[in-house]
Amino acid sequence: MVITTRNNLNAETTLPERLPRHVAIIMDGNGRWAKARGLPRTEGHRQGTENLRRILRAAVEFGVEILTIYAFSTENWKRPRAEVRVLMSILEMVIDRELDDLNQEGVQIRHIGEMEGIPQVLQRKIHTAKELTKQNSTLILNVAFNYGGRDEIVSAVRKIVEDGVPADQIDEALISSYMYTSPLPDPDLIIRTSGEMRLSNFLVWQGTYAEYYFTPTFWPDFNREEFLKALVEYSNRTRRFGKIDEQLSNRDVP
Ligand code: IPE
Ligand code: IPE
Ligand code: MG
């Protein structure tokens, strides 16, 4: 079966047959994109935000069900105060400017990460965005903001203890249910732009069996075609989940 889609120019694109349901992206390289052009880092973040719009549209077009984006890590607080402020105001601006359109397009906005520490005004905006879009189902957009994979595990363990869960009831499914991402499935594909090949504390628990795709392209330049390339590469991978080839009937099933 060949699946085709039409992009904004109405050109037909042939999509690979095996698409990831859940794609996660480490949107990296905004600063270097700007530096290479003699621009302030802020301009890189601004362009990166514009790009997010394009990639969101492409995700809908390609039929991706869940898109998780790494926007601000628990480690990013260590950046200069002025840059942290800019990154906070960018998310505020995106919500103000895009929320109605995203809602119209059927995007369900979720947040993963720690609310504590995020400025109050922004916390309220995140809450409004989540509430307004919670019934939408075209695409789930999971925004990792003030997110850290280890922090997520620590907070899950705390909640498990607070709930008084007996030790013999603790298994992988229970721990998953305490993660910020619950009840969403684990990511099938994790993309990182900018040439860095590390997780930087992203989806530590959920990414154990994801396929990884690294590209040297900086985030503001990671366009629809580059996204499609990642999906094609994913479709050519064999996911074994510990088994051997002869045991695999459906390559996507663990
Ligand atoms: C990604 O780009 C955006 C965030 C981490 C918020 P960077 O700001 O990390 O850009 P580089 O890695 O310095 O180029
Ligand atoms: C990871 O990028 C976090 C986000 C993309 C939001 P960083 O640029 O912060 O990662 P490191 O510090 O280079 O590992
Ligand atoms: Mg970076």
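Select Leu231 to start: this residue is buried, with a relative accessible area of 0%. You are looking at a predicted model. Color by secondary structure and you will find Leu231 in helix 7. Now add Ile191 to the selection and draw a line from C-alpha to C-alpha: Leu231 and Ile191 are 9.8 Å apart in space, with their positions 40 residues apart in sequence.

Next, go to Thr217. Its place is the loop between strand 8 (211–214) and helix 7 (224–235). Is Thr217 buried or exposed? Its relative accessible area is 16%, under the 20% cut-off, so Thr217 counts as buried. Show the side chains around Thr217 and look for two polar contacts. One, of 3.1 Å, runs to the side chain of Thr215. The other, of 3.2 Å, joins the side chain of Thr217 to that of Glu226.

Now for the ligands. Select ligand 1 and display the protein surface: the space that ligand 1 takes up is the largest pocket. Helix 1 (30–35) and helix 2 (41–62) are the elements that each give two or more residues to the shell around ligand 1. Of these, which gives the most? Helix 1 does, with 3 residues.

Show the shell of ligand 1 as sticks. Met27, Asp28, Gly29, Asn30, Gly31 and Arg32 are among the residues around this ligand, and Arg41, His45, Ala71, Asn76, Arg79 and Leu87 also belong to the group. Coloring them by character gives 3 nonpolar, 5 polar and 4 charged residues.

Zoom in on the oxygen atoms of ligand 1. The backbone comes into play at two places: a polar backbone atom of Asn30 is 3.2 Å from an oxygen atom of the ligand, and for a polar backbone atom of Gly31 the distance to a ligand 1 oxygen is 2.9 Å. Then pick Arg79, where a polar side-chain atom lies 2.7 Å from an oxygen atom of ligand 1. On its own, ligand 1 has 380 Å² of accessible area, and the protein covers 86% of it.

Keep Arg79 selected and move on to ligand 2. Where does ligand 2 sit? In the largest pocket. From Arg79, a polar side-chain atom lies 3.2 Å from an oxygen atom of ligand 2. Click on Asn76 as well, and you will see a polar side-chain atom 2.9 Å from a ligand 2 oxygen. Finish this round at Ser200, whose side chain has an N or O atom 2.6 Å from an oxygen atom of ligand 2. Taken alone, ligand 2 exposes 390 Å², of which the protein buries 77%.

To see the whole surroundings of ligand 2, select Ile26, Met27, Asp28, Tyr70, Ala71, Phe72, Asn76, Arg79, Arg192, Arg198 and Ser200. This shell divides into 5 nonpolar, 2 polar and 4 charged residues. Which element provides the largest share of the shell? Highlight strand 4 (residues 66–73), which contributes 3 residues.

For a last view, show both ligands together with Arg79. This residue has a polar side-chain atom 2.7 Å from an oxygen atom of ligand 1, and a polar side-chain atom of Arg79 is also 3.2 Å from an oxygen atom of ligand 2.

Technical notes: Residues are numbered from 1 along each chain as its sequence is written. Chains are lettered from A and ligands numbered from 1 in the order in which they are written. This is a predicted model: local features need pLDDT of at least 70, side-chain atom pairs count only at pLDDT 80 or more; totals for chains, interfaces and linings use all residues. Side-chain values use heavy atoms; hydrogens and water are left out. A residue is near a molecule or strand if one of its heavy atoms lies within 4 Å of it. A polar contact is a pair of N or O atoms within 3.5 Å; within protein, one must be able to donate a hydrogen and the other to accept it, and residues adjacent in sequence count only if both atoms are side-chain atoms. Accessible areas come from the Shrake-Rupley method with a 1.4 Å probe; for residues, only the protein chains shown count as cover. On a 1 Å grid over the protein atoms alone, a cavity is a set of points where a 1.4 Å probe fits but cannot get out, and a pocket is an open set with protein on both sides within 12 Å along at least five of seven lines; lining residues have an atom within 4 Å of a point. A molecule sits in a cavity or pocket if more than half of its atoms lie within 2 Å of its grid points. Helices (H or I, at least four residues) and strands (E, at least two) are DSSP runs, numbered from the N terminus. Ala, Val, Leu, Ile, Met, Phe, Trp, Tyr, Cys and Pro count as nonpolar, Asp, Glu, Lys and Arg as charged, and the others, Gly among them, as polar. Buried means under 20% relative accessible area, exposed over 50%, partly exposed in between (1.4 Å probe, protein chains only).
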